[in-house]
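Please walk me through this structure in plain terms. I would like to start with a single element and then see how the rest is arranged around it.

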Amino acid sequence: TTASVWELDSAADNVPSLSVPTILESFGIVDIMHVDIQGSEDCFLEGYVLEVLNSKVKSLHIGTHGKGRHADLKEAFLSAQWVLKREFHGNHDGNGWIADTSFGPVAFTADGELVLSNPRLQGK
C-alpha cells in the first residue's frame with residue numbers, strides 16, 4: 001500500500017526548507033513571484049514575510065486553495081496597500097471551469113488566483 005505524505009508520522013517535518021525572507025535576501029528587486037503552496041497559504045505571511053515582500057517584490061501571483069485562505073490573503077495584501085490586479089475565485093468543490101477573462105477563455109482547476117501589484121516598487 002502507499003501512504004500520502006500526510007499519513008506518514010514525521011516525514012514532512014524532515015523536509016529541508018527555506019523561508020521566503022531567506023530566499024529573497026540574495027536578490028535585489030524581484031519583478032514577479034509566483035506562490036503556489038497547495039493549501040499552506042496560512043503559513044505564508046507568518047513573521048515578517050509581508051515586510052520583506054513590501055520591500056523586494058513588485059508583483060505576486062498567488063494560487064489559493066480554499067475560500068477562507070483566498071479571502072484572508074486578499075485582505076492582508078489590500079491592508080498592506082497592495083493593488084489587486086486580477087482575481088479568480090476557485091471552484092472549491094473540486095471541479096474546474098472555463099472563465100471569460102481579458103485574455104479570452106481560460107480553463108481553471110479548483111484553485112483560485114490572486115494577482116497583486118506592489119505600488120511601493122513600481123518604476124524601480
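How far apart should the ends of helix 4 (residues 67–79) be at 1.5 Å a residue, and how far apart are its end C-alpha atoms? The model is a predicted one, and the check can be made directly on it. At 1.5 Å a residue, the 13 residues of helix 4 should span 18 Å, and the end C-alpha atoms are 18 Å apart, so the two values agree.

The next point is which residues of this helix face inward. The buried residues of helix 4 are His 70, Leu 73 and Phe 77. They lie on the same side of the helix, because they cover an arc of only 75 degrees around the axis. The spacing fits a general rule: an α-helix has 3.6 residues a turn, so residues three or four places apart point the same way. On the face turned away from the buried side, helix 4 carries the exposed residues Lys 67, Asp 72, Glu 75 and Ser 79.

After helix 4 comes Gln 81, placed in the loop between helix 4 and strand 3. Its phi is near 70 degrees, a positive value in a residue other than glycine. Gln 81 counts as exposed, because its relative accessibility is 52% and the cut-off for exposed is over 50%.

Phe 77 also takes part in an aromatic pair. A pair of aromatic rings is described by the distance of the centres and the angle of the planes. The count of such pairs in this model comes to one. The rings of Phe 77 and Trp 82 have their centres 5.3 Å apart and their planes at 80 degrees, so the pair is edge-to-face; the cut-off for that class is over 60 degrees. Both partners are buried: Phe 77 has a relative accessible area of 0%, and Trp 82 has one of 3%.

From the helix the description moves to the sheet. Four strands form an open sheet in the order 1-2-6-3, and their pairing is mixed. Strand 1 (30–35) and strand 3 (83–88) are the edge strands, each pairing on one side only. On average, neighbouring strands of this sheet are turned by 10 degrees against each other, direction ignored.

Strand 6 (residues 112–117) has strand 2 (residues 57–64) as one partner, and the two pair in the antiparallel sense over six bridges. Along this pairing, Gly 63 stands opposite Glu 113 in strand 6, and Ser 59 stands opposite Ser 117. Strand 3 is joined to strand 6 by five bridges, and these two strands also run antiparallel. Here Val 83 stands opposite Ser 117 in strand 6. Ser 117 thus has a residue opposite it in strand 2 and another in strand 3.

How many of the six residues of strand 6 are buried? Six of the six are, so strand 6 is largely enclosed by the rest of the structure. Gly 112, Leu 114 and Leu 116 point one way from the strand, while Glu 113, Val 115 and Ser 117 point the other way.

At the edge of the sheet, strand 1 contains Met 33. Met 33 is buried, because its relative accessible area is 15% and the cut-off is under 20%. The C-alpha atoms of Met 33 and Leu 60 are separated by 5.0 Å, although these residues are 27 residues apart along the chain.

Two helices can now be placed against the sheet. Helix 4 lies across strand 2, strand 3 and strand 6, and runs at about 5 degrees to strand 6. Helix 3 (residues 49–56) lies across strand 1 and strand 2, running at about 130 degrees to strand 2.

The last step is to look at the whole chain. The protein chain has four helices and six strands, which follow one another along the sequence in the pattern α-β-α-α-β-α-β-β-β-β. Of its 124 residues, 33% are buried. Among contacts between residues at least 6 apart in sequence, 68% join residues at least 24 apart.

Key: Residues are numbered from 1 along each chain as its sequence is written. This is a predicted model: local features need pLDDT of at least 70, side-chain atom pairs count only at pLDDT 80 or more; totals for chains, interfaces and linings use all residues. Side-chain values use heavy atoms; hydrogens and water are left out. The expected span of a helix is 1.5 Å times one less than its number of residues. Buried means under 20% relative accessible area, exposed over 50%, partly exposed in between (1.4 Å probe, protein chains only). The arc is that of the directions from the helix axis to the C-beta atoms. Rings of Phe, Tyr and Trp (its six-membered ring) pair if their centres lie within 6.5 Å; planes under 30 degrees apart count as stacked, over 60 as edge-to-face and the rest as tilted. Two strands pair if DSSP finds at least two bridges between them. Axes are lines fitted to C-alpha atoms, for helices over the stretch in contact, and angles run from 0 to 180 degrees between N-to-C directions. Contact means heavy atoms within 4.5 Å.
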